[in-house]
Structure formats: C-alpha cells, structure tokens
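Here are some exercises to work through with the model open beside you. Try each task before reading its solution.

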Amino acid sequence: MSPLAEHVEQYLLLRRAVGFKLVGEAQLLAEFVTFAEQTGESTVTTEAALAWARLPLGGSPNYLSRRLRAVRSFARYLHALDPACEVPPIELLPASKHRPTPYLYSDGEVAALMGAARELCPPSRAAMVETLIGLLACTGLRIGEALRLDRDDFDPAQGRLTVRDSKFGKSREVLLDPSTVRALIDYGEIRDRLCPHTNERSLFVTSRGTRPSHPTIHQPFRALLERAGVKHPSPTRRVRVHDLRHSFAVKTLLGWYRSGDDVAARMPLLSTYLGHVDPAATYWYLSAAPELLALAAQRLEQTEGRS
C-alpha cells in the first residue's frame, strides 16, 4: 500500500470513529489515489485533484463538485501531516444552488425496467435486479438502505422491513404491501435455489453469492434504462436509480390529495416512512411536480374560501 493510500485509510478510520459512514467518499478517494499514483503524485495537489474531479464525461456540476469536495476534505486532514499537500479551493467546481427536479417514473416505465431486468444473465442476477427495482419503486427506500438489508430484516409474517442504521444513523420499520411481501418471498426462494452455498446474510446477493455494491446496480442500470426506453426529456439530464424514491414520494402525495386526505396531518407519516430527519425534506416534494403544486394551491384556495 502506498503512503497516500495509507493516509486515506487512516483518514477514513478517524472519521468513521466519530460516526460518519463515508461509503461513497471511500470509493471516490480510492479512485483518486489510483489516479494520483498513475500520474506520479505522492500527495494531493490542486492540479491533480481538479483533473481527477473533471474526469467523468457528461458529469453534472453537482457530481463533479462532490468529487472535488471528497478530495478537499481529505486534503485538509493530510495538510496537517504533510505541508506539501495542497487543499483545492471548492470554488473551482461549485455545486449548483438549486435542487434538481427529479425524474418521475410512470408505472409503465417501472414495469418496463423490471421486464428488462428479467432478461439479464445469469438468472440469479436477473431476479435480484428485478426485485430490487420493484422494492425501491414501491417503498421509496434509498438504494444504500436496500443493499444493506439482511435476511433477518425482512419479516414476512408482519409484512415489514427493518431499515437499520440508515442515513443520519437512524433506524426505522417500513410496512410492505402484501404483493411486495410475496415478491420478496419469491425472490428468496430463487436466491436460495441458485446460490445455495453462500454464507452471506444479505437479503440481496449477486450471482457470486456476495452482497451487491453500488456499482453492481448503477453500472447495468444505464443499459436497462435504454432497453426499457426510459429517457429524460432534457438531453443534459440523466434518469437515476434514486428517482425511484422521488417517484414514490410524489405518487403518495398525489394519492392523498386526490382522495381528499389532510395532507398536512399525514406529512409527518411520510417523513418517518422515508427516513427524513427534517420534515422540510419531505415538503420539498410539493414543488417537485407541477401537478402536486397545482393540487396544493387548489386545496389552499378551498381552505381560504371556507374561512
């Protein structure tokens, strides 16, 4: 292991010791170390950090900024040990100030994605990806939460999942529709038949019998979108796995408005279900879809008319 890689390892250990997960940051820093070593750098320089951060062709400003921030945070730690280390200014790749409007999947698009996943090889991979997409679409789980699920976290008798130690260190229970329970049971039977010798506790497993990682899902997802004909209307934007979570939240709110429910009273329930610490994160969805905004405005006008 190179000295730079050792510094990264120590940095991650230190920050994880105080409660940070740093899953994505660890992957990014590992990629940066490889890049730095290939270009002959033994420490962090602004030039190398900026060149590496800009590598992904077509990467959004927010993603490129995130890559630079990961190196910058590490560089601030390393500078105390190595005066030659440079801390790149974050202003070199600023993130956009607005939150991008999510892509909202239609039910037909979700079904098409699951159908495309069903054609993957080998069959164990097809079953895993298809079931995972369906679970994300009907529960709004974060992709990381779904991948961290263990078999014991699924309780078919009670129809629920236990999401442990998720974002911000919170845990919660997620109630499931009977059809989702049946789909997870069916997947478990396929998993155990096709991967009978794995010792992995993970609910979802790869064809090698291991817990899937983010690249395991993100890499084939682009091909699935193309095969299913799912494309963002804006040529500069991408459809993401995470948009399944946004779609679930917006559809839930639309259903409440159309049914005449008291949305304000039920909003805390959705916040808890989604694992939001700040209810403002849930209220943001009211502006995420034009139809939602129109329904909210209509409800407000009706309320004011009765007062």
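**Exercise 1.** Find out whether aspartate 186 is buried, partly exposed or exposed, and which residue forms a salt bridge with aspartate 186.

*Solution.* Step one: look at the accessibility. Aspartate 186 has a relative accessible area of 34% and is partly exposed; buried means under 20%, exposed over 50%, and partly exposed in between, with a 1.4 Å probe and protein chains only.

Step two: find the partner. Arginine 182 forms a salt bridge with aspartate 186, with 3.0 Å between the closest N and O atoms. A salt bridge here is a side-chain nitrogen of Lys or Arg within 4 Å of a carboxyl oxygen of Asp or Glu. Arginine 182 is partly exposed too, at 41%.

Step three: place the pair. Both residues sit in helix α8 (residues 178-194), four residues apart, so about one helical turn separates them. Helices are DSSP runs (H or I, at least four residues), numbered from the N terminus. An α-helix has 3.6 residues a turn, so residues three or four places apart point the same way.

A word on the model: it is predicted, so local features need pLDDT of at least 70 and side-chain atom pairs count only at pLDDT 80 or more, while totals for chains, interfaces and linings use all residues. Residues are numbered from 1 along each chain as its sequence is written, and side-chain values use heavy atoms, leaving out hydrogens and water.

**Exercise 2.** Which parts of the chain does the salt bridge between glutamate 31 and arginine 67 tie together?

*Solution.* Begin with the distance: the closest N and O atoms of glutamate 31 and arginine 67 are 3.8 Å apart. Glutamate 31 belongs to helix α2 (residues 23-38) and arginine 67 to helix α4 (residues 61-79), so the bridge joins parts 36 residues apart in sequence. Now compare the surroundings: glutamate 31 is partly exposed at 32%, whereas arginine 67 is buried at 4%.

For a wider view, the structure holds 16 salt bridges. Asp150, Glu200, Arg201 and Arg211 are linked in a network of them.

**Exercise 3.** Which residues of helix α11 are buried, and which exposed residues does the face turned away from them carry?

*Solution.* First check the length. Helix α11 (residues 263-274) has 12 residues and should span 16 Å at 1.5 Å a residue (the expected span is 1.5 Å times one less than the number of residues). Its end C-alpha atoms are 16 Å apart, which agrees.

Next, list the buried residues of α11: Val263, Met267, Leu270, Ser271, Tyr273 and Leu274. They cover an arc of only 160° around the axis, so they lie on the same side of α11; the arc is that of the directions from the helix axis to the C-beta atoms.

Then turn to the face away from the buried side, where α11 carries the exposed residues Leu269 and Thr272.

Finally, step past the end of the helix: glycine 275 follows α11 and has a positive phi, near 80°.

One more salt bridge involves this helix's stretch of sequence: arginine 266 pairs with aspartate 261, the closest N and O atoms being 3.1 Å apart. Arginine 266 is partly exposed at 31%, as is aspartate 261 at 23%.

**Exercise 4.** Where is proline 122 placed, and what is the peptide bond leading from cysteine 121 to proline 122, cis or trans?

*Solution.* Locate the residue: proline 122 is in the loop between α5 (107-117) and α6 (123-139). Then read omega: near -5°, so the bond from cysteine 121 is cis.

Methods:
Helices (H or I, at least four residues) and strands (E, at least two) are DSSP runs, numbered from the N terminus.
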